[in-house]
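Load the model in your viewer and keep the selection box at hand. The stops below go one selection at a time.

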Amino acid sequence: MQRTLTINGTGVEVDGDSALPLLWLLRERLALTGTKYGCGIAQCGACTVHLDGKPVRACVTPVSAAVGKQVTTIEGLGAPDAPHPVQRAWAEIGVPQCGYCQSGQIMSAAALLAGNPEPTDAEIDAAMAGNLCRCGTYLRIRKAIHNAAALMAKKSAS
Amino acid sequence: MSAVLQSRREFLKVTAAAGGGMLIGFYLPDLEAATVQGQPWTALPQGAEVNAWLAIDKDGNVTVRVPHTEMGQGALTSVSMMIAEELNVDWTRIRAVFADANRHLRNGNEYKTMFTAGSALVRRQHPHIMQAGASARERLKEAAARAWGVDRKDIHARLGELRVGNFSGTYAQFATAAAAITLPEEPAIKKPEEWWLLGKPLQRLDVEVKSNGSATYAIDAQVPGMVYAAVKACPAPWGSLKRFDDSDLKGRPGIHAVMALRAVPGKTGNDDLQDCVAVVADSWWTAKTALDQLPIEWDAGASASASTEAQRAEARRLLNAPGAVITEGDGTLAVIAAGGKVVTAEYDRPWETHARMEPINATVSVTPERVDVWSPTQDQSVALQLAADQAGRDTKDVYVHTVFLGGGFGGNGGGGTGVTRQATELSKQLKRPVKVIWSREEDFAQDKQRPPNYVRLSAVLGERGLPSAWFTRSCWFVPEGTERVGPATSHISMSDMPYQVPNRRHESISAKTHVPVATHRAPGTNQNGFMTECFVDEVAIAGGWDPLDWRLEMTQGMADWQLVLKTLKEKAGFRTDLPKGQGMGVAILEDHGSLCAACATVRVSKDGELAVEKVVIVIDSGHVINPHNAAEQLEGGVCWELSHAWMGGLELRNGAFVNTNFDRYPILRMPQMPQVEVHFALSGGTKWGGIGEPAGPPVPPAVANAIYFATGKRVRSTPFKSHDLSWS
């Protein structure tokens, strides 16, 4: 059985085990290793990607659930010369420490801002509660999300 | 659309799982854009090497080779800053790459050490790192001096330019000549008052690659022909493998091999092989799923009866008898026995695990020509030697590709665990590259853990309500023959408590466990600091003292303690008279040469719901080379220890930990993170303390002390979440 999904704007045809989690298709078959394995049970958020713009945990999302849909990973969120405002805010503040969880954090943050351009601290906390960071970068993540919101507002105003 | 995807705009056709999977090349970050590149021997053009630490290209860009690993603590940036400071070169000209471990060993430990631990990089290693930069600067000057026929001491070296009188040139011009120069005498490094770059808050060099997914970790290694292995050792560590039944897996598509790896008799180190079963497949998920279904029988031996409850009972029994005397104070017990107002308490803390976000893994390729290793190690030279030993090869044929670590925290996920041997052995036998990933469940079960500690404390109050005697006895659980775990002992931060009590005695007991142990960010201080600093509050309050004033009183004449405590008093607004349900608590501990105090503000609802609102940190590390990075590390330290104290703790049952994943070993999440305020109270001089670790230990006692003021309940064990904190 062949199936087609779109990953970062590129059509990808897959066959094989329909239960394979999207995470391993991305990492092992497409070498999109920015999406990380952390727990395998949707507890840490390191594997967060967008499925039709909504954040999902790729470790528990079977490839079959992504067929016919748009998948966006950290590699497709922005480009090196035109990073997404969330990525810009991340780099400007210097959010990452070890960096392992940050792809997932950024994907969750970008999805939040797409639906809520001006989130409060409480809304940020609620949206980001599924993403663990062992280095403890939470305070800078929250600040960077506010800054990214401002960058996006400026962009849409201009 | 991103640049990455433009290169594969063609319609991709891949097979998603077992059988005939197509691997689509390497993903390498754009070399021009990257300031950080994981593979030194294939990195961007580096120009002329002035010494092992740095090379200068024709445009004046300086490539700094960083021998330490980057696990989020800022090594790439800190080493580069120290070199740039001495070299006198524009910071924007710096490119950082990881140094080559193979070269390091080949040239007799050329970088002195690659080990990255103990908050030591700046604290202990700044002299030889800065020396490398100073030496390069002076040799550039000497090369110019010889060319111009002038004296080296008259030449100014500034921002990549050499200048004297009418002569001027660039570092790049003289880099090749400088490399051949031997100085009659090596220059001294700069004193802090001469710094122009160190001490400034600079952004880390690795934030960009860590914000776009291009930073490469060991788990991301992609090697042509690679297969994936999931492994399982006995859930009770070091148990032996009796049998497994792989008949159902025979012929299953995508499965390459099901193999047993065996422990070597007499080899029981943390980095030795335990008995384990490995399933090797086209995809790690295929391997892991098959392994989960594989019937395996283990023999845990005597360890099968080990449990947290049994350990608690054993500790209580052992604490009834004297231990090894660490701090002698012969009169102590007599003073306490004589009575008066005696305060006694028992405290304990449980097993904890590192839970690095990157699970333990290793990728190894053994070929007739060479061995390549990708490892999340805190010492590349150790991973290299482990792979060489397991493969039976000379170290000169082994290459460790230094990559980013998804956290370290003292666990040394690759260098100090058997995973490097597992991957090497599998690659050797299968004759192809193998990536071993420990599932999160395997990582929790087989990581080297932080040992639990059980403590009895007693003190008697004398004049002015201050203690006249202080007796402590501690019992920790460590494997046979373990005396220390890095700097940790069962008595650190207890036997060496700074408070000036006339009669002091400490006794230590080591009980045995089968569980492997390791350092865990701020080793020992993170456990025992809680006991000491909570008991201090109990004694202070029993004597009618404000806990912060008590600490000031008991450290009189100790200048750095006074500096930190007075700064805390000034900045934190500590008070004991908040309305019920709110509380503030303080604590201070010394760790890795730094003195760090915390003041926590908590709120506890009537039904016992805890919120930690704010933590103020004051630290004396002597000096700080990058306040921006230092503040990040201190914030991170707060999160680290608050997490364990509030919601952590592993439980041992039937010899194995029942906490198999983050659902049963919660760590702090964003809604629980307090505001953190950092103040530096630097005493300067010859003091160089660490930054990465010291902020954690004072946090649990500060929070527990705050909980007491909020609720009237004294919490003497962690996690706090296991206590009923309700009040009325």
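Select B:Y347 and B:V455 together. B:Y347 stands opposite B:V455, a residue of β21(B). Keep in mind that this model is predicted.

Now widen the selection to the two strands. Take β16 of chain B, residues 341-349, and β21 of chain B, residues 453-461. They run antiparallel, and nine bridges join them.

Next, show the whole sheet. In what order do its five strands lie? The order is β15-β23-β22-β21-β16, all in chain B. The sheet is open and its pairing is mixed. Color β15 (324-327) and β16 (341-349) of chain B: these strands stand at the edges. Each has a single partner strand, so one side of each has no neighbour in the sheet. Look along the sheet for the twist, which averages 20 degrees from one strand to the next.

**The interface**

Select the contact between chain B and chain A. Chain B brings 77 residues and chain A brings 67. About 6,100 Å² is buried between the two chains, with 58% of that area from carbon and sulfur atoms. Which residues of chain B lose the most area to chain A? Pick out B:W285, B:M357 and B:M670; together they account for 14% of what the chain B side buries.

Switch to charged side chains. The rule finds four salt bridges across this interface. One to zoom in on is A:K36 with B:D220, where the closest N and O atoms are 2.5 Å apart. Polar contacts across the interface come to 28 residue pairs, both residues at pLDDT 80 or more.

Now color chain B by element. Six elements each supply at least two residues to the side that touches chain A: α1 (3-6), β1 (12-15), α7 (284-293), α12 (440-446), α16 (627-647) and β29 (675-680). Of the elements, α16(B) gives the most, with nine residues. Recolor that side of chain B by class: 38 residues are nonpolar, 23 polar and 16 charged.

**Two backbone stops**

Most residues other than glycine have a negative phi, and most peptide bonds are trans. The last two selections depart from that.

Go to B:T718 and B:P719. The peptide bond from B:T718 to B:P719 is cis, with omega near 5 degrees. B:P719 is in the segment after α17 (699-711) of chain B.

Finish in chain A, at A:A31. Where is it? A:A31 sits in the loop between α1 (22-29) and β3 (48-51) of chain A. Phi of A:A31 is near 55 degrees, a positive value in a residue other than glycine.

Key: Residues numbered from 1 in each chain as written. Chains lettered and ligands numbered in written order. Predicted model: local features only at pLDDT ≥ 70, side-chain atom pairs only at ≥ 80, totals over all residues. Heavy atoms only, no water. Pairing = 2+ DSSP bridges. Helix = DSSP H or I, 4+ residues; strand = E, 2+ residues; numbered from the N terminus. Axes fitted to C-alpha atoms, helices over the stretch in contact; angles between N-to-C directions. Contact = heavy atoms within 4.5 Å. Buried area = accessible area lost by both parts, 1.4 Å probe. Polar contact = N/O pair within 3.5 Å; in protein donor to acceptor, adjacent residues only side chain to side chain. Nonpolar A, V, L, I, M, F, W, Y, C, P; charged D, E, K, R; others polar.
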